Structures are given as structure tokens and as C-alpha cells.
Amino acid sequence: MAFPAQHSSPRPARSTWSLPQLHQWVVVPFIVVLATATVGRLLVYSPGIAARETEVLQRLDVARSGVLDLGALALHHAFSTPGAFAVIVALTAWLARSRRRPWDAAGFAVTALCGWGAVAVAKVAVGRSRPDAATLTEPLVLVDGITSFPSGHTGAALAIAAAFCLAVRRSGRAPAVLATGVGVAALVGVSRLYLGVHYPLDVLASFPVAWAGLAVGCGLANLLVPALAFGFGWQQEGAEWDAVEQAPEEEPAPEEEARPVTNRIPVVARRSGHHAA
């Protein structure tokens, strides 16, 4: 596909590729993250709520079994920081190489990383302590620190599932992808409670924060992906450039013929009279 050579801008015209985007794609997500982080900070100073949430973890600890332990540990490693990053890289490569959709691949990577990054930023900003491992019979995973709210594993699963659904939104498999992704994210959230490394409110808080990050990611992708596609010459079926809209040039008005400038001299009619001598 040839690009107009007379334009030096990386985005010479509008692109037919775009992700669903909020009108206020910066302000609204910021308010959502700020409100969720405020709730998290209040939980830091609410030991009574933490005690009730610990009772939920203890009930799950009693229901442990070997099969559930293996499943929870598998999800723990799959959506850890290295695991989630590997999943994003693998899906991005699959979209770009196997499906030959580099625009969608780049959009998926941007939105998934933004959704996951928003959760990581909120974790650091809130600083809620992890559940006390001493309250459990035999912890399978030992995780300490003040990065409990919201759940990073759950947020990563949500961000990856929603971003991949956006990448394949034009296909008939989008509803199935969304349902599967939400189901996996829910399983990841339950596994975090089962392992006793997160409180229930930590898991619930991952949903709005991951959504806010995805909203910002869609706005960024709509700006970055077309520019990258133009710069690297990416071609994808159904994703092209609109024709450059230019107003037709006005033809110069014909010059008026030069006319001699004449001074109008008033003519005074005189009547000659003959006088007798």
C-alpha cells in the first residue's frame, strides 16, 4: 500500500483502524483509580474489616485438596509478573505472525500493558499489607509486603482477557473469547483467596482499576498504532488509511483587462450668438 509522499507527518490522514474509546479517556479513568485507591487507603486503617476478610480465607483454607492446590499454584505462576508478560508477548506474536494482523497485535499489547500497569500503580499507591500467613494452616505460597490492594494476578488476567477481546472484536469468536477470559480472571481471583495471599476486597478492586487502565490504553493505542503502522509500513486487511481530505484549490480569478484611464471632462454646451454691430 502506497502512502502519500507529500506528507511528512506520521499520520497523514485518518486511519480506518480504531479501538472503542471514551470521550474523556484520561479524566474518567483517573477518577476511577483515585476513588478505588481511596477505598484501599481506608482499608489500611480498618483492622476490623481485615479481620472479617481473614475469616473468609480461613474457611477456604479448610476446604483445601490436592487438585485445588495444583490448580491454584498453576494460576499463581501463569499470571505472575514473568508469566503474564510471557502471555502478552505470545499473544502479540500470534496476532502479528500467524494471523497477519500487526495493527491488532500492537493494539492488544498497548491496552494489555496499560490495564496491568494501572493495577501495579494502584498497589504501590495504596500500600495495604498482605494477609498474615500465620492465620492459615499450611500456606502454599509465602508472599509478604504492602502490595495487597488490588490483586495484581487478577488484574493481569482481566487486562489480558479484555485486551485480547478488543483485538478480535470483529470476528465471531469475540463473545466466546470474552466469556472465557472473564471466567479465567474469576478463577485467578478465587485462587488468590484460596492461597491466602489476598483479601476478598483486593480481588474485587482489580476490576475497576484494570478497566481504567484499559480505557487509557485504548486512547493511547488509537494514537500510537496508526503512527507505528505508517512508520513501519504495516499492512492489515481492513485497516488502511482514509483518503487525504483536501479542499480543492481555488482557481485564480482572471485578471481584468487593462483599460485606459480617462478623465471625464464635463462638456459645457455653448451657444454662439451674433450681435449686431
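**Loops, a helix pair and two cavities**

P150 sits in the loop between α5 (102-126) and α6. In this predicted model, the peptide bond leading from F149 into P150 is cis, with omega near -5 degrees. Another backbone oddity turns up at R100, a residue other than glycine whose phi is positive, near 55 degrees. Both features go against the usual run of things, because most residues other than glycine have a negative phi, and most peptide bonds are trans. R100 belongs to the loop between α4 and α5. With a relative accessibility of 65%, R100 counts as exposed.

Next comes the packing of α4 on α6. Two packed helices are described by the angle between their axes and the distance between the axes. Here, the axes of α4 (residues 81-98) and α6 (residues 152-167) come within 11 Å and cross at roughly 10 degrees. With angles under 35 degrees counting as roughly parallel, that crossing makes α4 roughly parallel to α6. On the α4 side, the contact is built from A84, V87, I88, L91, W94 and L95, and these meet A156, I160, F164 and A167 of α6. Sorted by class, the contact of α4 with α6 comes out as 10 nonpolar residues, with no polar and no charged ones.

As for empty space, searching the whole structure turns up two cavities of 30 Å³ or more. The largest cavity holds about 60 Å³. Its lining takes in R130, P131, A133, L136, P139, V141, L142, V143 and D144, along with L195, G196 and V197. Nine of the residues lining the largest cavity are nonpolar, one is polar and two are charged.

The second largest cavity holds about 30 Å³. Around it sit D61, R64, L136, E138, P139, L140, Y194, L195 and G196. By class, that second lining splits into five nonpolar, one polar and three charged residues. L136, P139, L195 and G196 turn up in the linings of both cavities.

R64, one of the residues lining the second largest cavity, is worth a closer look. R64 is found in the loop between α2 (47-62) and α3 (66-78). Its relative accessible area is 23%, so R64 is partly exposed. Leaving aside residues up to four places away in sequence, R64 touches D69, E138, P139, L140 and Y194. Among these partners, Y194 lies 130 residues from R64 along the chain, yet the C-alpha atoms of the two are separated by 7.9 Å.

Definitions and conventions
Residues numbered from 1 in each chain as written. Predicted model: local features only at pLDDT ≥ 70, side-chain atom pairs only at ≥ 80, totals over all residues. Heavy atoms only, no water. Axes fitted to C-alpha atoms, helices over the stretch in contact; angles between N-to-C directions. Helix = DSSP H or I, 4+ residues; strand = E, 2+ residues; numbered from the N terminus. Parallel < 35°, antiparallel > 145°, perpendicular 65-115°, else oblique. Contact = heavy atoms within 4.5 Å. Nonpolar A, V, L, I, M, F, W, Y, C, P; charged D, E, K, R; others polar. 1 Å grid on protein atoms, 1.4 Å probe; cavity = no way out; pocket = protein on both sides within 12 Å on 5 of 7 lines; lining within 4 Å. Points joined across faces, edges and corners; volume = space filled by probe spheres on them. Buried < 20%, exposed > 50% of the residue type's maximum accessible area, 1.4 Å probe, protein only.
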